[in-house]
Amino acid sequence: MEKLQQSMYELIVETSTNLPNDVRRAIAKAKAQENAGTRAALSLSTITENIEMADEKVSPICQDTGMPTFEIKTPVGVNQIEIKKAIHKAMEQATADGKLRPNSVDSLTGKNSGNNLGGGTPVIHFSQWEEDVIDVRLILKGGGCENKNVQYSLPAELEGLGRAGRDLDGIRKCIMHSVYQAQGQGCSAGFIGVGIGGDRTTSYSLAKEQLFRTVDDVNPVEDLKKLEDYVMENANKLGIGTMGFGGEATLLGCKIGAMNRLPASFFVSVAYNCWAYRRLGVVIDQSTGDIKEWLYKDGETVDLNTASKEIAATAEVQEETREVVLEAPITEEQIRDLKVGDVVIINGMMHTGRDAIHHHLMDHDAPIDLNGQIIYHCGPVMLKDEEGNWHVKAAGPTTSIREEPYQGDIMKKFGIRAVMGKGGMGPKTLKALEEHGGVYLNAIGGAAQYYADCIKEVKGVDLMEFGIPEAMWHLEVEGFAAIVTMDSHGNSLHADVDKSSLEKLAEFKEPVFK
Ligand SMILES: O=C(O)C[C@H](O)C(=O)O
Ligand code: SF4
């Protein structure tokens, strides 16, 4: 199997950079249905542009290239150790080439292994089958959507929906609730895999397995088909929308599986996948290791730009929406002038800072003067050239809510005026924005190529000891667009969408499946 390592490399690169056709179709459909000219329509246009850029440049669709999860079927007698070794080598190569972000972090020391290998990374599951070829499927599922996975133990009391019992209707309520609780934080519009039954572990595994099904397949189990259809019809009525900005498209796919359970347990597990649903597969010749066939690529090319009426309307909305250009250092007066809904175009410097940096800044000085500056919640994919200069390969926002315990204090301590990320922040930060004169900017989650293109130069880096994604990168940008979703006057689009979607969720309280 001398070609196996190369085949695995191709699978990894293709999965990171090229979305499968069923996913593209779901996104194109959502885009066509979105109300023209809204923030959601604008976000979907950015997303589709990003998908095409990633494809053309053979660069990661999203900077978080996720937890690589391989599901492999081998004919009896094939050496699985050899396959594992080939995958490990291919992972290292793809990381060195900037197709994967180094994403494997020691949970105790915080050290990034740098090559995507380490305890539990990558995930490789083997099973045997009686075919004479090897079937390898890969999902790259990002951490932000992984954090929105949820497991219910029935019976349960659910916010907005009341009692969920141990029956089909109780399961229905759990699934509706899972979509509500994700809000925009897992980069909606998303896809969910649901596992019913099992124990806590197998229930989650079953949920994840559902993500290997194609978006448009039909569930052979009548009750589950009914449930999938119901969820697809109704979850979109919650109005959470793309990025949680409100809108028509909240959920793009729902796949449900069931297995037996113990008499005492009744789990419903939901695996939430962002729109950047990176899943591909290959059929491998067991003697040469060559790729015989690609899976999830059904040949027909999907036009992501079918929604011409919406694109025309985008031009209109840009006239109505206030656009403000910001360049650091920013004054308090400039910030107080911004309102939720304004589009901000950033030129000049911004500095990345995510989990490790926020924790660090609580009781250390900043490596540079942050007064009036912009902090970007981002862990980019970076590559160093032979002259030692860094280049940005992918750089979309990360989920901001993780910085909620620190953000307000850090803004005040260092005089930071704007923080940018995705998914919004909570009441503590909102209060600090009001007191201090700060603003929260929402960039489009997953649009890592779109934003990488706005970064003109890497001016430097500090705190590299935290690893590439967690270091503080000093970036010079041009035309970097984001939306004000929390302002210094106590307004939060995220709080508004959460409240209205909870009210809508409560409309699904009455039993449907008796
Ligand atoms: O780690 C990242 O860059 C992003 C993460 O997947 C997230 O959605 O928060
Ligand atoms: S940033 Fe968004 S699109 Fe990227 S992996 Fe995280 S949840 Fe997915």
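**Exercise 1. Find the loop that holds Ala189, then list the backbone features in that loop.**

*Solution.* Start with the flanking elements in this predicted model. Ala189 lies in the loop that runs between α6 (168-182) and β7 (190-196). Now look at the peptide bond that leads into Ala189 from Ser188: this bond is cis, with omega near 5 degrees. Next, step back to Cys187, which is placed in the loop between α6 and β7 as well. Check its phi: Cys187 is not a glycine, yet its phi is positive, at about 55 degrees. Keep Cys187 in mind, for this residue is also among those that come nearest to ligand 2.

**Exercise 2. Work out which kind of peptide bond joins Thr121 and Pro122, and place Pro122 in the fold.**

*Solution.* Take omega for the bond between Thr121 and Pro122: the value is about -10 degrees, and the bond is cis. Then look to either side of Pro122. The helix α4 (80-96) and the strand β2 (123-129) bound the loop in which Pro122 is found.

**Exercise 3. Describe the surroundings of ligand 2 and explain where it lies relative to the domains.**

*Solution.* Begin with the shell. There are 13 residues around ligand 2, and the nearest of them are Cys62, Gly142, Cys187, Cys274 and Arg278. Sort the shell by class next: six residues are nonpolar, four are polar and three are charged. Finally, turn to the domains. Ligand 2 lies between domain 2 (143-275) and domain 3 (321-498), because both of them give residues to its shell.

**Exercise 4. Identify the pocket that goes with ligand 2 and characterise its lining.**

*Solution.* The space that ligand 2 takes up is the largest pocket. Its volume comes to about 930 Å³. The lining has 50 residues, and those closest to the centre of the pocket are Asp64, Arg101, Asn103, Gly143 and Arg354. Move on to secondary structure: at least two lining residues come from each of β1 (67-75), α5 (143-146) and α11 (355-361). Of the elements, α5 gives the most, with four residues. To finish, divide the lining of the largest pocket by class, which yields 15 nonpolar, 22 polar and 13 charged residues.

**Exercise 5. Now search for enclosed space: how many cavities of 30 Å³ or more does the structure hold, and what lines the largest cavity?**

*Solution.* The structure holds one cavity that reaches 30 Å³ or more. The volume of the largest cavity is about 30 Å³. Go round its wall and you meet Phe191, Ile192, Thr214, Val215, Gly253, Cys254, Lys255 and Tyr277. Two or more of these lining residues come from each of β7 and β8 (251-258). The largest share belongs to β8, which supplies three residues. By class, the lining of this cavity has five nonpolar residues, two polar ones and one charged one.

**Exercise 6. Decide whether the overall dimensions of the protein agree with or depart from those of a compact globule.**

*Solution.* First take stock of the fold: the protein has 15 helices and 20 strands. Then consider its extent, as the C-alpha trace spans about 70 × 60 × 45 Å along the principal axes. Now apply the globule rule. For 514 residues, a compact globule would have a radius of gyration near 24 Å; the protein has 23 Å, so the two agree.

How values were computed:
Residues numbered from 1 in each chain as written. Chains lettered and ligands numbered in written order. Predicted model: local features only at pLDDT ≥ 70, side-chain atom pairs only at ≥ 80, totals over all residues. Heavy atoms only, no water. Near = heavy atom within 4 Å. 1 Å grid on protein atoms, 1.4 Å probe; cavity = no way out; pocket = protein on both sides within 12 Å on 5 of 7 lines; lining within 4 Å. Sits in = over half its atoms within 2 Å of the grid points. Nonpolar A, V, L, I, M, F, W, Y, C, P; charged D, E, K, R; others polar. Domains from an automatic or database assignment. Points joined across faces, edges and corners; volume = space filled by probe spheres on them. Rg over C-alpha atoms; globule rule 2.2 N^0.38 Å.
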